[in-house]
Amino acid sequence: MRTYILRRLLQIVPTVLMITFVVFVMMRSVPGDPVVALLGDAYTEEDAIKARDEYGLNKPIVVQYGIWLAKLVRGDWGVSILTGRPVLQDVLIRLPVTLELIVLSMAVALIIAVPAAIIGALRQNTWADYMATSVAMIGVSIPEFFIGILLLLVFSIGLGGFLPSSGWIYLPGTCPTLVCGASLWGNAQHVLMPAIALGVGRAAILTRLLRASMLEVIRSEYVTTARAKGLSERPVVFKHALKNALIPTVTVMGLQIGFLIGGAIVVETLFAMPGLGTFGIDAIIARDYQQVQGFALLTALAFVIMNLAVDLTYTFLDPRIRYA
Amino acid sequence: MRPRFLLARPLVLLVLTWIVALPNFADAQTPKRGGTLRVSYGNEIAHLDFHTAPGYEMMWVAMNVGCGLVNITPDGKFVGDAAESWTMSSDGLLYNFKLRKNVLFHDGTPVDAAAVKFSIDRLMDPATKSGMRSFFESIHSVEVLDPLSVQIRLNQPYGFLLHMLAAYRTGLVLYSPTATQKFTLEDRKQGKPGSIVGCGPFKFVEWVKGNQLVMDRFDKYFVPGLPYLDRVVIRVIKDPVTEMAAFKAGEIDFIASFSPEHVDTLKAQIPTAVVLTGKETTPMLAAMKVTVPKDGKPMSKERAPHPIFGDLRVRKAIGCYGIDRQEIVKIAFKGKATPWVGMNPPGTLDTVDVNHLCPYDQAKAKALLGEVGYGPAKPLTFELMADTEKSVFNVIATVIKEQMTRIGVTANIRLVDKVSWMNTTLQDGPWDMYVEDLLSLITLDSNGYLSNSTSTWSHPRHNDKRVDELYARYAREMDVPKRKAIAKEIQEFFVENMYWNNISGSPFYMVAQPWMKGYTYNAEFEVHYDKVWLDK
């Protein structure tokens, strides 16, 4: 097991390098560079040339990447060209917000998906199953921003500010500021709508997947045996069927992390959340190469680590799986 | 029959109610101290070095944290800020400013003549790379006469020195020499605690990029009793729908710049909202490139006429007679802007209505194009660039495209993001026409750096020295009627040569809650919270 984990951890290195290199090259292939935004109204061709030289933007891309990598090895994620702020400091400030959003949206997805899938599978072709399937279809079809706007219309505008639409309040202990509100209740109020907006789409996908998996498992021989032994329905479903049916679902959950990070960009913008999504999109728009690299590195790391965690979860769900 | 006393009772009740309510009404008119003003900005603050950061969002912070020598009122009068009085010599070359005695920076150091000299010198230093530097070119030197007297010596008379000090971009923002030397530029850019030291009504507390900026009342502000507010919190809400939701829910008190296309929805949704708007000071233009580098190297001084718009007849056919400005305003702005061909929007000082020079005339446009050789046998096609910063740009581009088909011209729209647009236009890249709104103009003079022949920001890259000469003459003229005449000459010259192709003014909106009192609307130029108070 330990060897397996070590091997997988080592595999992360080339994966992350590949991702960051592709992002590095792509960003520099897009028209425009941060110097234009940096100099703003003071832009002159002479100053632009000086600035490009100063930030090493005139060097070949491979050399620039090598410099970035060499700094990264020393723990230096670079400094934003536009703001002069250390990138690592900025991403660490924003990480808890996005992490919280992703975890809670996944929780929302599971809270909806697991019961809906179980009901759908156990009562196949009944009205309950049709309802669960239909709701799942609707959830898959509606983009996050639309769900977000609907939630805003109902809970913020319609119900006179029942839930706040903006003005993020941090979880206690994660507040990076001197004058920020940090409270559990305030944070819960702020994160609820974004988590639902982001989670509903995932719930729909997971419901369909888990239902199909459950249908397959509950028809398997060991479930029939369990029932024949006289086990009541609850342990049959939750202990025997669900646990096995969860394996493909957990795989997809790991893959969904990437989509959640993408969705977080939209949801964070809509709800004015100071998370990594808005950080990433602002960096891309401003061509702040260092910030984009920081964003790409962190999301790539999150993605591969989550997938490793998913693979390790298999051993818990199915004891037959052993990693050597 | 109803007894008379019963009829009289509602009247008595009404009078009593009025008497009881009277003190409250009076209270409502007397500013109340305290409270937090929650402001929403639609864009992120770039950074916090006021002398170099771009963008209105930074400027609106700088105006409240910082103080300068003078401010300007909406009707164009100058009022003292740190300066209590000023005089100008008869030759217009010397300005003497007398400073107030009790003005302090937030770090406790005095705002004196040395601080004024330090700040102006810093802005004029090329190493500072301030976008304000070009505005200070008329200044020869700054001299400290005594601790409270400072003299600005000019290279030549400059009729807009006070305008410039008050409201060209941030205006002059005074920096504390002590704090500036103690902290690095990077510290200031990041808003490191202690590094942002001004002399305005609010002291900077903190800025968390992407989240909020907080300013607190400066108790030693030099105007007694001001500011009324304890705190101002600025949040960035980029989505107008979210902004509206937050406003309706009472989460924010003031939207500093509201998207024009959502104003009607906001008014319908929130009838109590106070929508502030005024004269149009931002030009919306469809610029045409006049020259291209002869040697193919961007920014080359050797210029050749642009293959399409290098010919004045084509510029006039397309920009002057081929564009129906009324229709664009009707569709893109729902009629809430003024069709305006002159380079100075209708709300800018010394503006002149020169719309008569460019009536919409398809036949004339076609005839001019025919003169150049364009027609059914040789159709004209050009690229029309619009950036994604505001949806209205794309709408205008679409209407222009439709109008071009009416005169047998094909305009292919290229939609790009803001940085790509800046990159292409600033660096002399390949483009034919673009739709954009540029900087708000308080005076025609402030447009010089966007449109004279040597300016980097003059995207069309015309090389007509007559433009520079006209601007210089205008800036040096101290006699107001004569200056107005030159202004008219400039605006007519630009239309005649189509170096600057305006479509209209661009409306600007702010939105306030009914309980936000004391705010004076002065478009984008002056956004001050010192007299704001909350009636709730």
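Where in chain A is confidence lowest, and where is it highest? Confidence bottoms out in helix α2 (residues 34-39) of chain A, at a mean of 80, and peaks in helix α4 (residues 61-73) of chain A, at 92. Confidence here is pLDDT, the predictor's own score for each residue, from 0 to 100. Over chain A as a whole the mean pLDDT is 87, with 97% of residues at 70 or more. This is a predicted model, in which local features need pLDDT of at least 70 and side-chain atom pairs count only at pLDDT 80 or more, while totals for chains, interfaces and linings use all residues. Residues are numbered from 1 along each chain as its sequence is written, and chains are lettered from A and ligands numbered from 1 in the order in which they are written.

Chain A has 12 helices and 0 strands. Helices (H or I, at least four residues) and strands (E, at least two) are DSSP runs, numbered from the N terminus. Its C-alpha atoms fill a box of roughly 85 × 55 × 35 Å along the principal axes. Of the 324 residues in chain A, 42% are buried; that label requires 20 or more other C-beta atoms within 10 Å of the residue's own, whereas 12 or fewer makes a residue exposed and anything in between partly exposed, with C-beta atoms placed from the backbone. Among contacts in chain A with a separation of 6 or more, 72% come from residues 24 or more positions apart. A contact means that the C-beta atoms of two residues, placed from the backbone, lie within 7 Å.

Now for where the chains meet: 40 residues of chain B are in contact with 43 residues of chain A. On the chain B side, at least two residues each come from α6 (185-190), β8 (202-208), β10 (231-236), α7 (240-248) and α13 (418-426). Sorted by class, that side has 15 nonpolar, 12 polar and 13 charged residues. Here Ala, Val, Leu, Ile, Met, Phe, Trp, Tyr, Cys and Pro count as nonpolar, Asp, Glu, Lys and Arg as charged, and the others, Gly among them, as polar.

Helix α7(B) is worth a closer look. All of it is buried, 9 residues of 9, so the helix is largely enclosed by the rest of the structure. The buried residues include B:P240, B:M244 and B:F247. Both chains contribute to the cover, which includes α7 (144-158) and α10 (233-270) of chain A, along with β1, β11, α8 (263-269) and β20 (509-512) of chain B. Just after α7(B), B:G250 takes a positive phi of about 75°.

Several of these strands belong to an open sheet of 7 strands in chain B, in the order β8-β9-β10-β1-β11-β20-β12, with mixed pairing. Two strands pair if DSSP finds at least two bridges between them. The edges are β8 and β12 (274-277) of chain B, each paired on one side only. Neighbouring strands are turned by 20° against each other on average, direction ignored. Strand β9 (residues 212-217) of chain B pairs with β10(B) in the antiparallel sense over 5 bridges, with B:M215 bridged to B:V232. Further along, β1(B) and β11(B) run parallel and are joined by 2 bridges; B:S40 has B:I255 as its bridge partner. Antiparallel pairing joins β11(B) to β20(B) through 3 bridges, and B:F254 stands opposite B:A512. Strand β11(B) is mostly covered, with 4 of its 5 residues buried. Helix α2 (residues 56-65) of chain B lies across β1 (36-41), β8, β9, β10 and β11 (254-258) of chain B, at about 145° to β8(B). Axes are lines fitted to C-alpha atoms, for helices over the stretch in contact, and angles run from 0 to 180 degrees between N-to-C directions.

Chain B also has an open antiparallel sheet of 4 strands, in the order β4-β5-β7-β6. Its edge strands are β4 (83-88) and β6 (139-146) of chain B, and the twist averages 20° from one strand to the next. Between β6(B) and β7 (residues 149-154) of chain B there are 6 bridges in an antiparallel arrangement, with B:V142 opposite B:I152. Helix α3 (residues 113-124) of chain B lies across β5 (94-99), β6 and β7 of chain B, at about 165° to β6(B).
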